[in-house]
Amino acid sequence: MDQELDIYVNVEEPSGNRPKRKRMVYTSEQIYANETEIRTLEPNRTGRACSVFLGLLCLLLLAGLITLFLFYTQENSEWDKKMVQLQTSYNNLTEEHDQLQKRFEDVKKESKDFERKLKDTSSFGWRKFGTSYYYVSTEQKTWEKSREECQKKGADLVIIDSDEEQEFLINLNKRVWIGLTDKDEEDDWKWVNGANLTKSYWISSQPDNQEDEDCVEIHYPLKTIHNALSRWNDLPCSYIIYWVCETVDVCQHCKH
Ligand SMILES: [Ca+2]
Ligand SMILES: [Ca+2]
Ligand SMILES: [Ca+2]
């Protein structure tokens, strides 16, 4: 149904007088002619703006998430590297600690063994001088039998290498066999290990081979001493006197 509506608008008077209401007459069709366009346009603009805003927000959030992910991944990777390095260092230190601990236990055991062996050597009549151990017999035997006794103990008759060793043997104050002989060839003196004689301590009148003398003793006492260290005398090997064994291995004789 067609209707007529009165629409009043304010009309400014040119003279500044009170505006007069102007009466305009529109039909209802004229009034609602743009209704569809208005209703259609307003929601589209708002929705598009919202969509753009939401899209930008999503992009920002996505960029933030990617940044965080990359940052986390990089930090995580660095942390993993540091953890691997620390773990490797820890493993190395643990291995070194175990080796040192084992070495410490070995040294401790060796020390105890050495102390026990020293005790044993003393109780078995051995004494240490320099780098060797010496056994001074309490019995008397021939040169050959004396050597056999030394060999039974894992040693041999003493070989004299220095003035100090010669002096040590002299201070025993005994006539003792030493490991020197020329029984294989006269006047070709050899030590029991096969070495040639290079440094000797013969008494001035010796060796004289007076009674087919092929073995050597440290002669004691000596009434006339021209040189304190010159105490060697060749003697028949069948004579019965004391003897001295020598070894550098402290433990071989422990079992005898
Ligand atoms: Ca020696
Ligand atoms: Ca001889
Ligand atoms: Ca002689």
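**View 1. Strands E3 and E4 form a hairpin in this predicted model.** Start with the pairing: E3 (residues 126-129) and E4 run antiparallel and are joined by four bridges. To find one of the matched positions, look for Trp126, which sits opposite Tyr135 in E4. Two residues lie between the strands of this hairpin, and Gly130 takes a positive phi near 65 degrees there.

**View 2. E4 also pairs with E10.** Slide over to the E10 side of E4 and you'll find four bridges again, with the two strands running antiparallel. Here Tyr133 stands opposite Thr247 in E10. E4 is mostly covered, since four of its five residues count as buried.

**View 3. E6 has partners in E8, E10 and E7.** With E8, the pairing is antiparallel and runs over three bridges. With E10, E6 pairs in the parallel sense, over two bridges. Then there is E7 (residues 190-191), an antiparallel partner joined to E6 by two bridges. In that last pair, look for Thr181 of E6 facing Lys190 in E7.

**View 4. Both faces of E6 are covered.** Side chains in a regular strand alternate between the two faces of the sheet. In E6, Val176, Ile178 and Leu180 point one way, while Trp177, Gly179 and Thr181 point the other way. Are these residues buried or exposed? They are all buried. With six of its six residues buried, E6 is therefore largely enclosed by the rest of the structure.

**View 5. Val176 sits between bridge partners in E8 and E10.** Which residues pair with Val176? Its bridge partner in E8 is Ile218, and its partner in E10 is Tyr242. Leaving out residues up to four places away in sequence, Val176 touches Leu169, Glu217, Ile218, Ile241, Tyr242, Trp243 and Val244.

**View 6. The largest nonpolar core brings together 27 residues.** Those with the most contacts inside this core are Val158, Val176, Trp177, Ile178, Val244 and Cys245. Two or more residues each come from E4 (132-136), helix H3 (143-152), E6 (176-181), E8 (215-218), E9 (232-235) and E10 (242-247). Which element gives the most? That's E6, with four residues.

**View 7. The loop between E7 and E8 holds a cis peptide bond.** The bond joins Gln206 and Pro207, and its omega is about 0 degrees. Pro207 lies in the loop between E7 and E8. Asn209 is in this loop too, and its phi is near 50 degrees, a positive value in a residue other than glycine. Asn209 has 13 C-beta neighbours inside 10 Å, so it counts as partly exposed.

**View 8. Asn173 has a positive phi in the loop before E6.** You'll find Asn173 between helix H4 (163-170) and E6. Its phi is about 60 degrees, although Asn173 is not a glycine. Is Asn173 buried or exposed? It is exposed, because 10 other C-beta atoms lie within 10 Å and the cut-off for exposed is 12 or fewer.

**View 9. Zoom out to see the whole chain.** There are four helices and ten strands to spot. Following the sequence, they come in the pattern β-β-α-α-β-β-α-β-α-β-β-β-β-β. Of the chain's 256 residues, 18% count as buried. Among contacts between residues at least 6 apart in sequence, 62% join residues at least 24 apart.

Notes
Residues are numbered from 1 along each chain as its sequence is written. Chains are lettered from A and ligands numbered from 1 in the order in which they are written. This is a predicted model: local features need pLDDT of at least 70, side-chain atom pairs count only at pLDDT 80 or more; totals for chains, interfaces and linings use all residues. A nonpolar core is a set of buried Ala, Val, Leu, Ile, Met, Phe, Trp, Tyr and Cys residues joined through C-beta atoms within 7 Å. A residue is buried if 20 or more other C-beta atoms lie within 10 Å of its own, exposed if 12 or fewer, and partly exposed in between; C-beta atoms are placed from the backbone. Two residues are in contact if their C-beta atoms, placed from the backbone, lie within 7 Å. Two strands pair if DSSP finds at least two bridges between them.
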